[in-house]
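Student: I am new to this structure and would like a close look at a single part of it. Could you pick one and then show me what else is worth seeing in the chain?

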Amino acid sequence: MPADMILPQSTKHLKCLCEQDKQAQSIRPAVVRARRRACLEPWVIGLITFISLIVLAVCIGLIVHYVRYNKKTTYNYYSTLSFTSDKLYEFGKEASKNFTEMSQKIESMVNNAFHKSSLRQAFVKSHIIKFSQEEHGVLAHMLLIFRFPSSEDPETINKIIQHVLHKKLQDAVGHPKFHPELVGIKKINETETDNFLNNCCGTRRNKTTRQSLRIVGGTEVQEGEWPWQASLQWDGIHRCGATLINDTWLVSAAHCFRTYKDPARWTASFGVKIEPPKMKQGLRRIIVHEKYKYPSHDYDISVAELSSPVSYTNAVHRICLPDASREFHPGDEMFVTGFGALQNDGSSQNHLRQVQVNLIDTKICNEHKAYNNAITPRMLCAGSLKGNRDACQGDSGGPLVSPDARDIWYLAGIVSWGDDCGHPNKPGVYARVTAFRDWIASKTGV
């Protein structure tokens with residue numbers, strides 16, 4: 001290459017920069033023009049904002065409309081259904097076998113009637129309160145609960161409910177036979193509904209039952225889950241549990257009163273907390289089973305009369321007592337509740353706890369590795385042979401409960417004794433309530 005064609009390195013660099021600058025100048029105006037095109041005119045911005053506001057307003061309006069017209073309101077009704085029974089009037093006694101069977105039949109017929117009607121989405125449940133003898137036969141007193149959108153007309157709802165009851169019960173086949181022309185129905189408020197349900201035994205108003213390993217370190221319960229649970233306190237200190245069976249009487253264990261006998265120094269509190277309690281009452285008298293002899297665990301049952309009746313509420317009302325003939329079967333799921341210790345020889349708790357247990361066959365419980373024939377016909381075992389699910393000290397006298405097909409709860413057992421708390425092959429042992437049903441009735445009239 002000729003010498004005059006060779007440029008110094010710096011000159012080459014300068015030439016390169018000049019060429020880049022020319023290219024940049026040729027590109028820059030295009031970039032500027034593109035930026036100018038990207039800028040929106042004020043009237044376009046205003047239009048977009050206006051449209052956005054309209055869309056937002058429409059969305060808010062739809063939400064308000066949905067909430068207003070789709071919000072569900074509970075409608076409660078008190079209904080009377082007249083029917084003819086093939087049998088004599090044998091189901092007037094609440095919680096008896098006949099009462100339960102007839103209630104289940106009628107509730108099933110009513111439930112089917114509404115499930116096959118236009119109200120199937122709104123219908124919640126039916127619940128028999130009581131039966132009464134009438135001139136035309138028997139009258140079933142029932143609660144009906146529905147949930148309708150708030151926009152529905154109450155008068156129209158009433159007419160539809162009455163029409164469904166009249167029509168479906170008229171067409172119903174089988175026993176019992178209804179008299180549709182005598183069906184009565186009236187709307188009631190929430191307070192009236194609560195009063196009716198709280199005066200029925202074995203109902204629970206807050207049913208968020210959760211399983212837990214044991215009361216020992218188990219699950220705290222919410223108010224209203226086990227409204228019949230009581231804490232028995234000697235000079236203000238929790239000693240035992242108890243179960244409310246009517247507004248005046250409690251059932252507990254005999255051994256709770258072995259040393260502490262003076263009823264004037266005992267109090268019973270109700271609610272899920274010992275302090276502060278929902279209610280508190282003194283004891284007027286204590287009746288221990290005549291055949292209870294310490295140190296034997298047999299006949300471990302007592303009843304205690306409150307100094308004044310308690311008023312039933314959502315948080316405090318009674319359990320159902322089973323007939324003496326009622327049978328509970330091995331494997332049945334039950335719950336035991338109490339304020340007892342979290343571990344063997346521990347201290348009692350201020351908040352009520354629960355544990356799900358299973359009924360264990362007496363033959364298994366009497367095996368050598370378990371209780372070696374110590375279980376009598378007046379006892380039952382419940383828990384787990386693997387351990388971990390059990391009551392403990394301070395739970396004595398408290399309830400072991402079981403539901404029926406209507407979700408009505410019955411007192412199956414009373415916390416009595418056991419080897420330590422939650423040990424393998426050593427389940428909890430309970431006084432068998434059905435074995436003492438006649439004795440309870442003789443002392444309390446319940």
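Tutor: Buried residues, meaning those with under 20% relative accessible area (exposed is over 50%, partly exposed lies in between; 1.4 Å probe, protein chains only), make up 47% of the 446 residues in the chain. The model is predicted, so local features need a pLDDT of at least 70 and side-chain atom pairs count only at pLDDT 80 or more, while totals for chains, interfaces and linings use all residues. Residues are numbered from 1 along each chain as its sequence is written, and side-chain values use heavy atoms, leaving out hydrogens and water.

The chain has seven helices and 18 strands; these are DSSP runs numbered from the N terminus (helices are H or I with at least four residues, strands are E with at least two). Let us look closely at strand 14, residues 353-360. Eight of its eight residues are buried, so this strand is mostly covered. Its partners are worth following one by one, where pairing requires that DSSP finds at least two bridges between two strands. Strand 13 (residues 333-338) runs antiparallel to strand 14, and six bridges join them. Here Gly338 stands opposite Arg353 of strand 14. Strand 15 (residues 379-383) is also antiparallel to strand 14, with three bridges between them. In that pairing, Asn358 has Gly383 of strand 15 as its bridge partner. Strand 6, which is just residues 219-220, pairs with strand 14 in the antiparallel sense over two bridges. There, Thr219 has Gln354 in strand 14 as its bridge partner. A general point helps when you look at such a strand: in a regular strand the side chains alternate between the two faces of the sheet.

Now compare that with a helix. Helix 7 spans residues 437-444, and its buried residues are Arg437, Trp439, Ile440 and Thr444. They cover an arc of only 160° around the axis, which puts them on the same side of helix 7; the arc is that of the directions from the helix axis to the C-beta atoms. Asp438 and Ser442 are exposed, on the face turned away from the buried side of helix 7. The cover over the buried residues of helix 7 includes strand 9 (249-252), strand 11 (279-288) and strand 12 (302-306), with contact meaning heavy atoms within 4.5 Å. After helix 7 comes Gly445, with a positive phi near 80°.

Helix 5 (residues 190-198) has Thr193, Asp194, Leu197 and Asn198 as its buried residues. Seen down the axis, they fall within an arc of 125°, so they line one face of helix 5. They pack against strand 1 (72-84), strand 2 (123-134), strand 3 (137-149) and strand 5 (184-188). The general reason that residues can share a face is that an α-helix has 3.6 residues a turn, so residues three or four places apart point the same way.

Charged side chains also link parts of the chain. A salt bridge is a side-chain nitrogen of Lys or Arg within 4 Å of a carboxyl oxygen of Asp or Glu, and the count comes to eleven. One of them joins Glu94 and Arg318 at 2.8 Å, N to O. That pair links distant parts of the chain, 224 residues apart: Glu94 is in the loop between strand 1 and helix 3 (97-115), and Arg318 is in the loop between strand 12 and strand 13. Glu94 is partly exposed, with a relative accessible area of 26%, while Arg318 is buried at 15%. Another salt bridge is between Glu305 and Arg284, whose closest N and O atoms are 3.9 Å apart. Glu305 lies in strand 12 and Arg284 in strand 11, so this pair ties together parts 21 residues apart in sequence. Glu305 is buried, with a relative accessible area of 11%. Arg284, Arg285 and Glu305 are linked in a network of salt bridges.

Lastly, the outside: the chain exposes about 23,100 Å², and carbon and sulfur atoms supply 54% of it; accessible areas come from the Shrake-Rupley method with a 1.4 Å probe, and for residues only the protein chains shown count as cover.
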